[in-house]
Amino acid sequence: MLYSMAIAGATGYVGGEILRLASTHPQLEIGALCAHSNAGHRLGEHLPSLPDLADRELVETTIDNLSGHDVVFLALPHGASAAVVAQLSPDVLVIDCGPDFRLTEKSDWDAFYGTDYPGWWPYGLPELPGQRHVLAATKRVAVPGCYPTAITLSLLPALVSGLIDGHDVTVAAASGTSGAGKAAKVNLLGSELFNSMSAYGVGGVHRHVPEILQNMRHLGADAPTVSFTPMLAPISRGIIAVVTAPLQEHDTDTVQQIYADVYADEPFCHVLPAGAWPVSKSVLGSNAFQVQVIADKQAGRMVAVGVIDNLTKGTAGGAIQSMNIALGLPETTGLNRSGVTP
């Protein structure tokens, strides 16, 4: 069976990645390509990397153009999705790749976004305990943020097994520039970015903090805390997250075995062999998450290092994975686990 799809925000980085994956998905038929400011252009003018879709015309982001499809992907800026969704049929599967419906608590939204709270939808991270059942019964999916995906998956085995309690978690994570979108910004200019790394959103003010804490609570942490320092790396795509937390009376072999056991049946989560450490290019273009973990006895802390491609597993791949579950398809359909290297 073929399912027709439309996309709003087709020419952005996330929109382009959704189309890259959808173009080889055996059960997706690509319908309306909506890109408001680029309406009337051909897709190939903006995404020459997709030659099979190059001649497709971009259309206005209107309800008429989005309607009549089985699946609608929204790759829109913060605050833009709610007005669109309000006009779509409840029978349409809507996958929102923005932040609008991720947070369950209005107070978190108010503190970090400061606009009208749009509500929340089922969260599109299938690896969370019980989440596949939730996704299989919904027509609305909120795709996680890219940093929360990498950080949550790096913490998940430790939290569900009780290795750590979620207190005093620290995270230092670096992302490629595509995570900031296509909008022109001074700090993303080549002359500013090349040969440099920088921290931003320091001190608990990054908008992904409440989402990370929300996921930690889902994984069983009681009153979790996290100190999150995001960094900008001079690469186009990829995230590496270094996550540490207090750990007592466990050695590295035990911790690694717990991670391997928890992720043994997860199709996209890979625990590397002892002594091998994740690098971002290993997952480039794939829906894979790779992780390594050790016990730092001197510091009394667990150290987990996880990597994802921020555009694939971090956004578009996670969206397709969740869509597959919601449509009753094998969740690996149209997705690969192999990165491009070197």
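# A tour from sheet to pockets

Start with Cys269, which stands opposite Phe289 in strand E11. You are looking at a predicted model.

**The strand pair.** Select residues 289-296 to show E11. Then add residues 269-271, which form strand E10. E10 and E11 pair in the parallel sense, over 3 bridges. Strands of a sheet pair through backbone hydrogen bonds, either parallel or antiparallel.

**The whole sheet.** Now widen the view. E10 and E11 belong to an open sheet of 7 strands. Read across it in this order: E7-E8-E6-E9-E12-E11-E10. The pairing is mixed. Where does the sheet end? Its edges are E7 (198-199) and E10. Each has a single partner strand, so one side of each is left without a neighbour in the sheet.

**A helix across the strands.** Select residues 252-262 next. This is helix H9, and it lies across E10, E11 and E12. Color residues 301-308 to pick out E12. Against E11, H9 runs at about 155°.

**The largest pocket.** Leave the sheet and turn to open space. Rolling a probe the size of a water molecule over the atoms shows where empty space is left. The largest pocket holds about 1300 Å³. Select Leu76, Pro77, Gly179, Ala180 and Gly181: of the 48 lining residues, these lie nearest the centre of this pocket. Three elements to show here are helix H1 (13-22), helix H6 (146-160) and helix H10 (312-327), each giving two or more residues to the lining. Which element gives the most? H1 does, with 3 residues. By class, the lining has 21 nonpolar, 23 polar and 4 charged residues.

**The second largest pocket.** Its volume is about 310 Å³. Select Tyr13, Glu17, Leu47, Arg237 and Leu311 to find its centre; they are the closest to it of the 16 lining residues. That lining divides into 5 nonpolar, 7 polar and 4 charged residues.

**The cavity.** How many cavities of 30 Å³ or more does the whole structure have? A search finds 1. The largest cavity has a volume of about 30 Å³. To frame it, select Gly124, Leu125, Val143, Pro144 and Thr149, then add Lys313, Gly314, Thr315 and Gly318. H10 gives the most to this lining, with 4 residues. By class, the cavity lining has 3 nonpolar, 5 polar and 1 charged residues.

**Last stop.** Keep H10 selected. This helix gives residues to the lining of the largest pocket, and it also gives the most to the lining of the largest cavity.

Notes:
Residues are numbered from 1 along each chain as its sequence is written. This is a predicted model: local features need pLDDT of at least 70, side-chain atom pairs count only at pLDDT 80 or more; totals for chains, interfaces and linings use all residues. Side-chain values use heavy atoms; hydrogens and water are left out. Two strands pair if DSSP finds at least two bridges between them. Contact means heavy atoms within 4.5 Å. Axes are lines fitted to C-alpha atoms, for helices over the stretch in contact, and angles run from 0 to 180 degrees between N-to-C directions. On a 1 Å grid over the protein atoms alone, a cavity is a set of points where a 1.4 Å probe fits but cannot get out, and a pocket is an open set with protein on both sides within 12 Å along at least five of seven lines; lining residues have an atom within 4 Å of a point. Grid points are joined across faces, edges and corners, and a volume is the space filled by probe spheres set on the points. Ala, Val, Leu, Ile, Met, Phe, Trp, Tyr, Cys and Pro count as nonpolar, Asp, Glu, Lys and Arg as charged, and the others, Gly among them, as polar.
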